[in-house]
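Visitor: I'd like to see how the labels on a model like this one are justified. Could you walk me through a few?

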Amino acid sequence: MPPSHPFDDDKLKEECGVFGVIGVQDAANFVALGLHALQHRGQEAGGIVAHDPVQGFNSARRFGYVRDNFTEASLMETLPGPLSIGHVRYSTAGSKGQTAIRDVQPFFGEFAMGGAALAHNGNLTNANALRRELIERGSIFQSSSDSECIIHLMARSLQQSISERMKDALRRVEGAFSIVAMTRTKLIGVRDPLGVRPLVLGRIGDGFALASETCALDIIGAEFMREIDPGEMVVIQDGAIESFRPFEQKKPRFCVFEHVYFSRPDSILQGRSVYETRRQIGVELARETPVEADLVCPVPDSGTPAAIGFSQESGIPYAMGIIRNQYMGRTFIEPTEQIRNMGVRLKLNVNRALIRGKRVVLVDDSVVRGTTSRKIKDMILDAGAKEVHFRIASPPTAWPCFYGVDTPDREKLLAARMTESEMCEYLGVDSLRFISLDGLYRAAGEAKGRDAASPAYCDACFSGEYPVAPSDMINKGFTLKAAE
């Protein structure tokens with residue numbers, strides 16, 4: 001498995017991306033392309049399952065990038081058929097950083113009425129309790145992933161079809177889930193009742209596709225039809241789509257961090273361009289936290305749209321003060337201690353001629369542990385900057401996410417231990433300001449800001465208000481935020 005790079009350790013990481021296609025020749029090839037477009041959602045491993053009427057189910061699971069595995073004709077020829085699903089993974093549940101191949105999705109199960117495969121984006125907050133219950137009743141788990149619970153719950157259901165068994169199983173789980181699944185003849189997509197994680201539907205020729213993001217539809221030339229609604233299950237078979245509502249209806253709470261960081265800027269979320277939302281975050285940030293400076297520079301690449309918006313609103317010139325090495329991937333080399341000490345310089349370099357003598361505003365998407373921010377500040381000062389001001393395109397990340405994002409323990413989050421002024425001093429910058437929750441909501445389309453009584457988004461990582469109680473973590477001693 002590729003080693004993590006030092007730069008990657010100080011970013012929040014999405015758990016995974018899912019993709020499925022039905023009704024096209026060699027569907028697995030389309031799935032490989034879709035997973036390539038979703039690679040930003042998981043770089044640790046990927047898997048594809050396909051079904052052919054003659055050869056039945058076939059699967060391939062590999063560590064590393066899609067491009068390094070699922071572009072070989074010899075492999076793709078083993079995945080024939082008009083129906084296929086796939087998954088790219090970054091582990092949150094299970095053995096973080098020590099993934100075994102058995103943990104790589106999609107998961108496959110053989111039931112009395114035939115086989116089924118399932119790929120899951122999100123995290124089940126009651127997986128530990130379910131796992132104990134299932135093991136006590138005789139289930140034998142093959143992986144450490146919480147997603148496998150769904151397969152076992154389906155196996156124990158008494159319903160007569162796989163889609164009904166899935167409804168049964170998903171009514172037992174808590175947390176966040178966007179799922180693509182397949183039987184011998186059906187492609188199935190489901191979102192949890194709050195719609196925390198994204199899932200979209202597209203049309204390709206006479207077939208259909210399900211994907212975590214619209215950018216994955218674009219890469220295969222599919223036409224975006226609509227988002228799967230929160231709490232909706234779609235079953236696609238023989239060119240027809242059936243829609244079901246198997247869960248109690250709730251007010252949606254889509255993950256606001258999808259707008260800030262996780263999704264690709266060329267995707268569409270909730271009818272809004274992700275790029276435009278991020279640019280508008282920069283506009284709001286400039287209005288809320290003005291500063292006198294000579295240049296606005298993004299921390300590549302995630303800070304770029306917000307930096308453009310900040311520049312446009314403030315009138316301070318935008319400049320590429322930090323250049324990203326596009327060829328420095330996670331598979332670079334096994335880092336020696338000397339190379340580790342170079343840290344972020346392996347991936348980013350300062351444009352010295354531009355920075356020298358300037359008052360610089362650095363725009364980044366978030367501050368997690370603060371380690372990378374300190375290194376970037378040092379690089380800017382070493383290049384001769386006169387002042388360094390950080391502007392952050394999200395509120396302080398003070399709480400862990402339990403819905404499919406790899407967040408450090410709360411004590412490792414800088415904002416959980418320090419005030420904004422203390423963080424500013426710790427980072428050693430001239431000023432540090434975050435966008436407010438209201439400002440973030442305005443940028444995401446809520447003109448009146450955040451409705452404290454009924455927020456439009458899941459913002460637990462900022463507010464500490466969890467829309468689904470993380471029961472497994474509470475049982476382990478996690479303390480929820482006290483009611484105000």
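Visitor: How do you know that the span of α12 agrees with that of a helix of twelve residues?

Guide: This is a predicted model, and its coordinates let us check. Helix α12 covers residues 371-382. At 1.5 Å a residue, counting one less than the number of residues, the expected span is 16 Å. The end C-alpha atoms are 17 Å apart, which agrees.

Visitor: Which residues of α12 are called buried, and what makes them so?

Guide: Buried means under 20% relative accessible area. In α12, Thr-372, Ser-373, Ile-376, Lys-377, Met-379 and Ile-380 are buried.

Visitor: Why say that the buried residues of α12 line one face?

Guide: Looking down the helix axis, the buried residues fall within an arc of 160°, so they line one face of α12. Their packing partners include the strands β19 (322-324) and β22 (387-392), along with the helices α11 (352-355) and α14 (420-427). After α12 comes Gly-384, with a positive phi near 100°.

Visitor: What makes an empty space a cavity?

Guide: A 1.4 Å probe fits there but cannot get out. Searching the whole structure for cavities of 30 Å³ or more gives four, and the largest has a volume of about 100 Å³.

Visitor: What lines the largest cavity?

Guide: Its lining has 16 residues, with Cys-255, Cys-401, Cys-458, Ala-460 and Cys-461 nearest the centre. Helices α7 (257-262) and α16 (460-463) each give two or more residues to this lining.

Visitor: How many residues of each class are in that lining?

Guide: There are 14 nonpolar residues, no polar ones and two charged ones. Cys counts as nonpolar here.

Definitions and conventions. Residues numbered from 1 in each chain as written. Predicted model: local features only at pLDDT ≥ 70, side-chain atom pairs only at ≥ 80, totals over all residues. Heavy atoms only, no water. 1 Å grid on protein atoms, 1.4 Å probe; cavity = no way out; pocket = protein on both sides within 12 Å on 5 of 7 lines; lining within 4 Å. Points joined across faces, edges and corners; volume = space filled by probe spheres on them. Helix = DSSP H or I, 4+ residues; strand = E, 2+ residues; numbered from the N terminus. Buried < 20%, exposed > 50% of the residue type's maximum accessible area, 1.4 Å probe, protein only. Arc of directions from axis to C-beta. Contact = heavy atoms within 4.5 Å.
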